[in-house]
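Here are a few exercises to work through with the model open beside you. Try each task before reading its solution.

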Amino acid sequence: MNKSLTIARREFTDAITSKRFWLIGGLFILLYLANVYGVAYVFRMGGGTFGSSRLTLQIGSNVASTLGYMAPLLGMALAFDAISGERERGTLRILLSRPLYREDVLNGKMISAAAVVGLTIVASTLLSVSASILLQGIAVTSDDIVRLGFFIVIAILLAFAYYAISLFVSTFSSKSGYSLTISVGVWIFFAFILPILATFIASAMVPRPALVNVTAPTQGREPGQMFTVTGNYTRRIEAITSTIETISVNSHYSTIADSLFGLRTGAFGQQEVTRLDLAGVISTCWVDLLILVAFPVIFLVASYVVFTRRQEK
Amino acid sequence: MSMVIETDNLVKVYGKGKEEVRALNGINMKIPPRSVYGLFGPNGSGKTTLITILIGLQLPTGGSAKVLGHDVLRESVEIRRRVGLLPEGFGFYEHMTALENLSFFGALDDLPAEKVKARALEVLETIGLKEKTNAKVATFSRGMMQRLGMAQALMKDPELLMLDEPTVGIDPEGAAEFRDIVRGLNKEGKTVLMSTHLLYEIGMVCTHAAMIRAGKLLAQGTVDELSRPVREAKGFAYEIHVRSGGDTLRQDIKLLPDVREASLRDDKITVIAEKDVGTALFSLMTGDAYRDQIVSVTPVSPSWEDLYQFYQGGESA
C-alpha cells in the first residue's frame, strides 16, 4: 500500500500541475460561468413565479448537463496515457524493475485519479451552484443539499466509468494516441451517435401514426383521442431508444440526474417537473445506479487482468 | 561456488503457429559472483529478452532460472529488491529534477524515507552528476541520461547490476567514462551483467563473457576459457621482446618441441606453437644463455573478433 501511495502522490502532483488538467479546468469554469448566467437569465425572465426550490432544480439540471460532457473528458484525460504513456517514455520498465507488484502501479494511479476527479467535480460544482444561489439569493433546503451531494457521487461515477475505459485501453496499448482515439471514440459513440442511432432504429420499428388535424376533429375522433395516439407512439419510441441506450453509461447518468432534479424532456420537447424524494429517485433508478457502478468496476478489473498478465518486452 | 545467475534450459517463445519466434532456445548460463559478465550478440539475438526474464518483466516459456538464489517465476519481487536494472530505451519523468526522479524510485526501492535523499545525492556523486542534482531531466544530454539511468539502478545498492546495451547512443568519451564506472562498481564487489553488441566493449570491461546468437549461447566462460579452444585450433601465439641477437634466439626457439613458426621483426619474435609452450619460453628467458637478451615473453590472446568468428562457426566450447 505504501508503494501505491508513493505512486499516487507523484501522479496527483503531475496531474494538478499539468497543462491538460488546467485546460479542462478552464473549460469547466467557462461552462459553469455560462450556467450562472443562464440561471440569472431564468431568474430575470420569471424566477419569482418558479419559487426558490424550482430554481435550485434548474441550477442542478444545468450543472448535470455540463458534467454530462465534462466528467467523461476529465476521466479520459487522466487515464488515456496512464500506462501507455509510461511505456512510451520508457519509465514503465524502470518502474517495474522496483520491488513492487504490478497492482501497486494501477492502485497508485487510481488513488490519484479518484482524488483529482473528486476534487475537481466537488469544487467546481459547489462553486458554480454557490455562485448562482448567492447571486439570486435563493434559500437552499437540506433536501437540495442532499440531492446535490448525491448528484456529485453520480458525476464522479460517470467520470470514473470513462477513466476505467481509457485505463483499460491504455494497459494494452503502446501508443497514447491510439488509446486517446479509442477512448474519445467510445465517448462520441455513447454521447452523440448512440442516441441518434437509437431514435433512428426506433422510428424504423414503430409505424408513424396518421397525421390528424387538431383544430378540426374529423372521422369521429376528439382532440383527446389524437393526443392518445401520438402519446402512445412517443412512448413506444422512448421505450425502444431507452432499451438500446442501456449500453450507454451516459444514458444511465442522465436518467438519474433527471430524476434527481425533477426535470425531464416531455413528449413534445417541453420540460416536465416530476420531483421525487431521494429514496424515490434511488428506488426508481436503482438499475441505472447499479450499471453506473458496474461499468467502472468491470473495466477496472479488466485493466488489472490485462496489466498484471502483460509482459513488458 | 554458488552462482549469482544460473539458468537451466531457458526458453522464450513469442507468437503462435507460423508466427512463432523462439527468442531464447535453451539457455544454460552461469554467472559467478564479482564478475563483469558480458553478454555479446548481434541485434535480435535474445539479449534483452534474457535480461527482462531474469528481472521478472517477462515470463519464460520453458526452463528455469535463479537470480541470487531466487526463482524468477515465484520470487521476482525479491530479485528486484536486490538487483538494479538499466534497461534499454529507458526514460525518466522529464518535468522532474534528477533528485526528484531518484527520490521517487528510491522510495519504491524500500529505502527508509529519511535516507532516500541522502542516498540519491550519494549516487549522483558516484556517477558524476552532482552538479545536475536540481536540473530538470528534460535538459539532460544522452550521456547524462545514461548516467542517471545508472544512478537509478544503484539507488537500492544492488548486489547485481543488469545493464542492457549501456553505451548505445553515447559518444566515445562518455562510453569510456561509463566503462570506468562499471569497473569501479565491480571493484566494490558488485556483479555486473552487461549486454552489448559491441565486441570491443567485452574485451575492455568484462572478466567473463557469453556469446549469444539466435537465442542460443554459443560459448561462455572467462576470457582465458574462451580463448583456449581458439588457440588450440589456430595455434598458441607469443611475442618475445629482445634487446639484441634476436636471430640466434629465434632459431633456438624454432627447435623447441611443438613450435610451428618463429619470425623476427625489429626487436620482436612472434612464436606460433601447436601447444602451450609458455613454460619452455619462460625457461629460456630465465636461463643463462638468453637472460640478458630477452625483455619479456607475452602470450597473445586471440582478439574478440577471432573468438566470435570461431564460435559463430559452430565450434562451441
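**Exercise 1. Cysteines**

This is a predicted model, so treat each answer as a reading of computed coordinates. Decide whether A:Cys285 is buried or exposed, do the same for B:Cys206, and then count the disulfides over all chains.

*Solution.* Start with A:Cys285: its relative accessible area is 4%. Buried means under 20%, so A:Cys285 is buried. Next comes B:Cys206, with a relative accessible area of 9%; B:Cys206 is therefore buried as well. For the last step, look for pairs of cysteine sulfur atoms within 2.5 Å. The count over all chains is 0 disulfides.

**Exercise 2. The makeup of chain A**

Work out how many helices and strands chain A has, and where the strands fall in the order of its elements.

*Solution.* Counting gives 12 helices and 2 strands in chain A. Now read from the N terminus: the order is α-α-α-α-α-α-α-α-α-α-β-β-α-α. Two further values complete the picture. Of the 313 residues in chain A, 49% count as buried. Among its contacts between residues at least 6 apart in sequence, 84% join residues at least 24 apart.

**Exercise 3. A helix pair in chain A**

Describe how α6(A) and α12(A) cross, and find the residues that make the contact.

*Solution.* Begin with the geometry: helix α6 (residues 102-136) and helix α12 (residues 286-309) of chain A cross at roughly 145°, and their axes come within 9 Å. The crossing is right-handed. From α6(A), the contact uses A:Arg102, A:Glu103, A:Val105, A:Leu106, A:Asn107 and A:Met110, while α12(A) brings A:Leu300, A:Ser303, A:Tyr304, A:Phe307 and A:Thr308. Sorted by type, these residues are 6 nonpolar, 3 polar and 2 charged.

**Exercise 4. A helix pair in chain B**

Classify the packing of α3(B) against α4(B) from its angle.

*Solution.* Helix α3 (residues 98-108) and helix α4 (residues 113-126) of chain B pack at about 120°, with axes 9 Å apart. That angle makes α3(B) oblique to α4(B). Their crossing is right-handed. The contact residues divide into 9 nonpolar, 2 polar and 1 charged.

**Exercise 5. One threonine**

Place B:Thr52 in its element, and find which residues it contacts beyond its neighbours within four places in sequence.

*Solution.* B:Thr52 sits in helix α1 (residues 47-54) of chain B. Its relative accessibility is 4%, so B:Thr52 counts as buried. Setting aside neighbours within four places in sequence, B:Thr52 touches B:Leu57 and B:Gln58, along with A:Glu312 and A:Lys313.

Note on methods: Residues are numbered from 1 along each chain as its sequence is written. Chains are lettered from A and ligands numbered from 1 in the order in which they are written. This is a predicted model: local features need pLDDT of at least 70, side-chain atom pairs count only at pLDDT 80 or more; totals for chains, interfaces and linings use all residues. Side-chain values use heavy atoms; hydrogens and water are left out. Helices (H or I, at least four residues) and strands (E, at least two) are DSSP runs, numbered from the N terminus. Buried means under 20% relative accessible area, exposed over 50%, partly exposed in between (1.4 Å probe, protein chains only). Contact means heavy atoms within 4.5 Å. Axes are lines fitted to C-alpha atoms, for helices over the stretch in contact, and angles run from 0 to 180 degrees between N-to-C directions. Angles under 35 degrees count as roughly parallel, over 145 as roughly antiparallel, 65 to 115 as roughly perpendicular and the rest as oblique. A crossing is left-handed if the near helix is turned anticlockwise from the far one by less than a right angle, and right-handed if clockwise. Ala, Val, Leu, Ile, Met, Phe, Trp, Tyr, Cys and Pro count as nonpolar, Asp, Glu, Lys and Arg as charged, and the others, Gly among them, as polar.
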